Structure formats: C-alpha cells, structure tokens
Amino acid sequence: MERQEEEDDMVCLDQSFFIDDNYQLTTFTFGSQVLQLLCLQSASTDFDLTGQLVWPGAMLLNDYLSKNAEILQGCTIIELGSGVGITGILCSRFCSEVVLTDHNEEVLKVLNKNIELHASSDNPEYCAGLTAEKLEWGNSEQISQILQKYSRGFDLILGADIYILNCYSFALIIEKQSSITSLFDTVETLLRVRKEGTCKFILAYVSRAKTMDSLVISEATQRKMQINELVGTRSIVGNLEGVIYEVNL
Ligand SMILES: C[S@@+](CC[C@H](N)C(=O)[O-])C[C@H]1O[C@@H](n2cnc3c(N)ncnc32)[C@H](O)[C@@H]1O
C-alpha cells in the first residue's frame with residue numbers, strides 16, 4: 001500500500017521538459033559570407049547538448065576557411081560534431097559535397113532545420129550536396145554506412161571545438177581520453193580511405209585545460225599521424241587561446 005502511494009506521488013516528467021529548443025535565427029558574418037542559422041544563445045542544462053549553440057572553435061575555423069576558401073573549392077567534406085552546422089554550411093558555398101555529422105538526436109534536429117533553411121535561401125547553388133548523418137565517434141557500423149554512400153571518401157575532415165573538459169576530475173579526464181580515442185579512430189578510418197596525404201583532418205582546437213592540449217597531440221603522434229599547427233592561426237577566441245591543426249597520415 002505504501003509503495004502504491006509512493007508511486008502515485010511520483011511526478012513523471014517527459015524528457016522534452018528539460019530540452020530547450022527555443023532556437024533563435026542568428027546572423028554570422030565571416031568576411032564576405034553571411035550565414036543565418038537557428039541556434040541557442042547560451043548552453044543548455046544538459047552537457048550532451050553542447051551542439052545547440054555555436055562554439056568559439058567554429059568561429060576560429062570559419063574565419064580561417066573564409067580567408068582560405070581556395071582550399072575548399074570542389075572538395076568533398078565530412079564534418080565531425082557539427083552542432084548547428086555553421087562550419088559545414090559555410091563550406092557548402094565552396095565545396096561539391098558536404099556531410100555534416102553529430103551523435104545527438106536533438107542536435108541533429110536543429111542541424112537538419114539549418115540545412116533546410118539554407119536550401120531554401122535565395123542562392124540554391126549554396127546547398128549543393130549538403131546532408132546530415134548520425135555519427136558517433138568510434139561507431140564502426142555508422143562510419144561504414146557513410147562510407148558505403150561516399151565510397152571515394154573525403155578530401156577534408158573538419159572538426160571545431162569537438163571535445164570539452166568542463167571539470168578537472170580524474171574520472172572525467174579518463175572519459176575524455178576515451179572520447180579522444182574514439183574521435184581519432186573515426187578520423188583514422190576516414191584518412192585511410194584515401195591514398196596517403198590526399199585527405200586531411202583540420203581541427204580547430206580551443207584550449208580549456210593543459211591536460212587536453214597534450215592529449216590531442218599525443219593521440220595523433222601515438223598513431224604516427226603528422227600533426228602541425230597551421231601558421232598564423234594561433235589566436236585568442238573569446239577569452240581562450242585557439243589554434244588550428246592539420247592532421248594527416
Ligand atoms: C562543443 S560542440 C561543437 C559544435 C560545433 N562544432 C561548434 O564548434 O559550434 C561539440 C559537438 O560534438 C558532438 N559530439 C560530442 N561527442 C560526440 C561523439 N562521441 N560522437 C559524435 N559527436 C559528438 C556534440 O553533440 C556537439 O554537437
């Protein structure tokens with residue numbers, strides 16, 4: 001009887017109760033490129049919903065790409081951890097094919113909305129080959145499904161601000177180590193589809209903890225990958241130091 005009363009007293013809250021999807025249409029300018037995207041203005045309560053807003057790493061990468069758009073001309077691109085899609089959508093203005101990916105269902109919803117928004121803009125050529133796919137780093141089934149569709153692989157793999165350390169506990173550092181491992185597993189699979197050197201991973205990294213800075217470099221070097229800082233990209237974004245790395249086999 002007591003148990004029944006306890007159960008009756010339980011308040012059932014739908015998962016959607018905790019999700020802020022009050023996205024605002026926001027304008028971003030990178031050189032001559034103006035983008036309008038739906039995004040949140042501040043972080044949601046759920047750590048895993050980081051992709052609902054635009055991060056400093058994306059601002060750094062988009063600024064670099066808009067100034068060096070020749071490296072994108074005619075390329076095929078896959079972006080990892082796309083969030084609202086600001087980087088991939090900018091790239092679609094220069095590339096032949098862009099696949100934006102994320103693992104979070106809620107983030108994929110707003111990503112698809114932004115793709116639709118872009119496709120319905122005044123310049124239909126901007127949305128050439130722009131699609132979203134679910135991809136959890138390290139998930140071999142999902143990556144092979146993508147590679148079945150894009151069997152020639154990609155010229156560029158992009159990632160902006162795709163790992164964050166929000167606490168300095170040892171446990172979390174271990175967890176982030178494994179997320180870096182699965183991120184690099186996916187990157188390595190994608191790099192290996194192409195002959196050596198014809199696919200690169202461009203990573204916009206924003207430093208939030210010294211431990212993470214060294215983890216990224218050591219993960220790449222352990223795999224015998226080349227990791228180089230792109231000259232002139234080290235800068236302050238927000239109040240943090242950012243840099244763009246180029247990684248290849
Ligand atoms: C900090 S946000 C960056 C979003 C976007 N690149 C930007 O800079 O605005 C990190 C993104 O990576 C995605 N992500 C985190 N862990 C992931 C994983 N294990 N597999 C795939 N995506 C992941 C999140 O859902 C989120 O969209």
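This tour of a predicted model proceeds from the whole protein to its ligand, and then to selected helices, loops and individual residues.

**The whole chain**

Begin with the complete protein in cartoon representation. The secondary structure comes to 7 helices and 10 strands. Of the 249 residues, 50% count as buried. Among contacts between residues at least 6 apart in sequence, 67% join residues at least 24 apart. With a surface displayed, the accessible area of the protein comes to about 12,800 Å², and carbon and sulfur atoms account for 50% of that area.

**The ligand**

Select the ligand next, together with its surroundings. There are 18 residues around it, of which Trp 55, Gly 81, Asp 102, Trp 137 and Ala 160 come nearest. Three polar contacts deserve to be drawn as distances. A polar backbone atom of Trp 55 lies 2.9 Å from an oxygen atom of the ligand. From Asp 102, a polar side-chain atom lies 2.5 Å from a ligand oxygen atom. Glu 136 places a polar side-chain atom 3.2 Å from a nitrogen atom of the ligand. On its own the ligand has 590 Å² of accessible area, and the protein covers 93% of that.

**Strand E4 and Thr 101**

Move now to Thr 101, which lies in strand E4. This residue is buried, with a relative accessible area of 0%. Its side chain reaches the backbone oxygen of Glu 79 at 2.6 Å. Displaying the contacts of Thr 101 beyond four places in sequence brings up Ile 78, Glu 79, Leu 80, Gly 81 and Ser 82, as well as Glu 133, Leu 135 and Ile 146. Two of these names recur on the tour: Gly 81 is among the residues that come nearest to the ligand, and Ile 146 is one of the buried residues of helix H5.

**The loops on either side of E4**

Which loop holds Asn 104? Asn 104 is found between strand E4 (97–102) and helix H4 (105–119). With a relative accessible area of 9%, Asn 104 is buried. Leaving aside residues up to four places away in sequence, Asn 104 touches Asp 48 and Leu 49. A distance drawn from Asn 104 to Gln 52 gives 9.8 Å between C-alpha atoms, for residues 52 apart along the chain.

Select Arg 93 next, in the loop between helix H3 (86–91) and E4. Is Arg 93 buried or exposed? Its relative accessible area is 18%, and buried means under 20%, so Arg 93 counts as buried. A polar atom of the Arg 93 side chain lies 2.9 Å from the backbone oxygen of Val 34.

**Helix H2**

Select residues 56–67, which form helix H2. This helix has 12 residues and reaches 17 Å from its first C-alpha to its last, close to the expected 16 Å. Colour its buried residues: Gly 57, Ala 58, Leu 60, Leu 61, Asn 62, Tyr 64, Leu 65 and Ser 66.

**Helix H5**

Continue to helix H5, residues 140–149, and orient the view down its axis. Gln 142, Ile 143, Ile 146 and Leu 147 are its buried residues. They fall within an arc of 135 degrees, so they line one face of the helix. An α-helix has 3.6 residues a turn, so residues three or four places apart point the same way. Ser 140, Glu 141 and Gln 148 are exposed on the other side of H5. At the N-terminal end, Asn 139 caps the helix, with a side-chain oxygen 3.1 Å from the backbone nitrogen of Glu 141.

**Two residues with positive phi**

Select Asp 161, in the loop between strand E6 (156–160) and H6. Although not a glycine, Asp 161 has a positive phi of about 55 degrees. It counts as buried, at 7% relative accessibility.

Lys 224 lies in the loop between helix H7 (210–222) and strand E8 (226–229). Its phi is also positive, at about 60 degrees, although Lys 224 is not a glycine. At 71% relative accessibility, Lys 224 counts as exposed.

**Helix H6 and the last stop**

Finish at Arg 192 in helix H6, residues 170–193. This residue counts as exposed, at 52% relative accessibility. Add Leu 249 to the selection: Arg 192 and Leu 249 are 57 residues apart in sequence, and their C-alpha atoms are 7.9 Å apart in space.

Key
Residues are numbered from 1 along each chain as its sequence is written. This is a predicted model: local features need pLDDT of at least 70, side-chain atom pairs count only at pLDDT 80 or more; totals for chains, interfaces and linings use all residues. Side-chain values use heavy atoms; hydrogens and water are left out. Helices (H or I, at least four residues) and strands (E, at least two) are DSSP runs, numbered from the N terminus. The expected span of a helix is 1.5 Å times one less than its number of residues. Buried means under 20% relative accessible area, exposed over 50%, partly exposed in between (1.4 Å probe, protein chains only). Contact means heavy atoms within 4.5 Å. The arc is that of the directions from the helix axis to the C-beta atoms. A polar contact is a pair of N or O atoms within 3.5 Å; within protein, one must be able to donate a hydrogen and the other to accept it, and residues adjacent in sequence count only if both atoms are side-chain atoms. A residue is near a molecule or strand if one of its heavy atoms lies within 4 Å of it. Accessible areas come from the Shrake-Rupley method with a 1.4 Å probe; for residues, only the protein chains shown count as cover.
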